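This briefing addresses two topics: cysteine pairing and the surroundings of one strand. The sequence and the structure are shown first.

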Amino acid sequence: MTSSAERARAQPRAAAPGTLVYRHGVAERTTHWLWALALLVLFMSGLQIFNAAPYLDASDKSDPQRRVLAIRASTIDGQPVGVVTVFGHALRTTHLLGYTDDGMGFESARAFPGWLTLPGPQDLADGRRWHLLFAWVLVIAYGVYLIAAARRGTLREFVLRPSDLPKLWPMQLYYLRLRSEPPPHGTYNPMQKAAYTIVLFWFLPLLIVTGLALSPGVDASVPWLTVLLGGRQFARLWHFVLMVLLLGYFGTHLTLVVCTGCWNNMRSMITGWYRLKDHDGVGP
Amino acid sequence: MKRGLFVASSLASLGLSGCGPLKDALTNGPFHSVLSGTEGLNRVVIDTRGMARLYPDSAVDRNFRVNGLDTPSDDLYTRLARSGFRDYRLIVDGLVDRPQKLSLPELRAAGSLAQTTRHDCVEGWSAIGKWNGPRLGTVLAMAQPKAAARYCVFRCFDRDASGQPYYESLDLHQAAHPQTLLALDLNDAALDPDHGAPVRLRIPTQLGYKSAKWVSRIELVATLDGLYGGGGGYWEDQNYDWYAGI
């Protein structure tokens, strides 16, 4: 373990493909799965909470004049329909959003469907309890991960540096198969570094902070936080937007995990051991 | 690669649609006590010492949103409302040395604090109102709580469809917060029946369901055990957190 940490601190260098390297320490692996679970629970229970007031306003108090998103049920020709209104543009979303699965085998006026929320049936009280419990799990797992990754040197390997910026576009071209070789890089390629840096140091902290700003007790203790975010309803909007961004990251992450050697990637996050492939380097 | 994606997405959608019973079992089973376990932690971390933000009067919602249980329509409340609550008395009793029966003029004489604050509903929406009335702490002090008193319980005129009465409770620390009011006015006019006339609690450092409307009696008690569902409030008995600062 020490030797791999030392290697991680060295400059990037090419390594022989096929070599098994120890990539993730036990604390990093445990917290990765713990916060993956936490984010799943927070996502599903967050949609449950959203359903209690299925609209988002870019304002402090609720203000229909500044409504950015609304998901509701309506009636057309005597038939119930689901309607999503984004920036004033209405979309028909019957059966999926607005008028959808109620979590009990029927359909009803409900923003997000029961199969996607936690609990399934409309239940704000328990949705909040899931959300507030796993918010703590996320915060603790995130904190432990950062400390563990900093101590092992993993953090150094994937934090995006100014020197990585010119390599981002060539890497994108390689992903699009418009370039035969990726730019030379260390353990993580420049786009991985950009993604991990943004998610770990922007999305996750902002998700936590915007969530805290929704609490009237926190708002009373740290009033400038809510003001900075544009007000309480605005904080709710940011919280939702960050969730959507993180969902986008999750989709990309999952696709790439599957497409770039599913078993090898999974093993590295379960046992820690990763088999180097062509173009894989070692180091920052 | 494509097969892997197909398998992964099929598993994900199967998992999501098939886990309804699992979600129910986790929510209502032995895990339920774990779910409510963060309340104490949140309370210790956040507490209620902070001061809710004050707004200019121009920020108020003239048509402050009405929600909660239906406005009481029983004979007693209707009779009180018809006479402009002339015969209304707020009872303060329980573990106190001097039980009180306070008329509206007596409550107004107990002090008047005007505060324009935001009301945050547990559902997610917010509205701003200007509230006016004596501090709860002042009114409780008039009754001189005994040393054993730990909570004040608010008994209200409203009942739900099944006849269950609304009630709420605060500990004496929360009750003593300088922004915790017994509101008599909303937006410079006496509270109307839909907004909780004649007296409603207003605690801007916690979610809206703590701010009980139509308060008829404040009882000081040593424990919330044995009171209705034991949760310390109407919504608390339906699984909402007693500490509603988050």
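Why does the sulfur of Cys259(A) form no bond with the closest cysteine sulfur? The model is predicted, and in it the sulfur of Cys259(A) lies 8.9 Å from that of Cys262(A), the closest cysteine sulfur, which is too far for a bond. A disulfide requires the two sulfur atoms to be within 2.5 Å.

**Cysteines**

- Over all chains, the structure holds zero disulfides.
- For Cys262(A), the closest cysteine sulfur is in Cys259(A), and the separation of 8.9 Å is too far for a bond.
- Cys259(A) counts as partly exposed, because its relative accessibility is 22%.
- Cys262(A) also counts as partly exposed, with a relative accessibility of 34%.

**Strand β5 of chain B and its burial**

- Strand β5 of chain B spans residues 151-159.
- Eight of the nine residues in β5(B) are buried, so that the strand is mostly covered.

**Pairing with β6(B)**

- β5(B) pairs with strand β6 of chain B, residues 165-171, in the antiparallel sense over six bridges.
- Within this pairing, Phe154(B) has Glu168(B) in β6(B) as its bridge partner.
- The two strands β5(B) and β6(B) form a hairpin, with five residues between them.
- In the turn of this hairpin, Gly163(B) has a positive phi of about 90°.

**Pairing with β11(B)**

- β5(B) is also joined by six bridges to strand β11 of chain B, residues 215-221, and these strands run antiparallel.
- Cys156(B) has Val215(B) in β11(B) as its bridge partner.

Terms used:
Residues numbered from 1 in each chain as written. Chains lettered and ligands numbered in written order. Predicted model: local features only at pLDDT ≥ 70, side-chain atom pairs only at ≥ 80, totals over all residues. Heavy atoms only, no water. Buried < 20%, exposed > 50% of the residue type's maximum accessible area, 1.4 Å probe, protein only. Helix = DSSP H or I, 4+ residues; strand = E, 2+ residues; numbered from the N terminus. Pairing = 2+ DSSP bridges.
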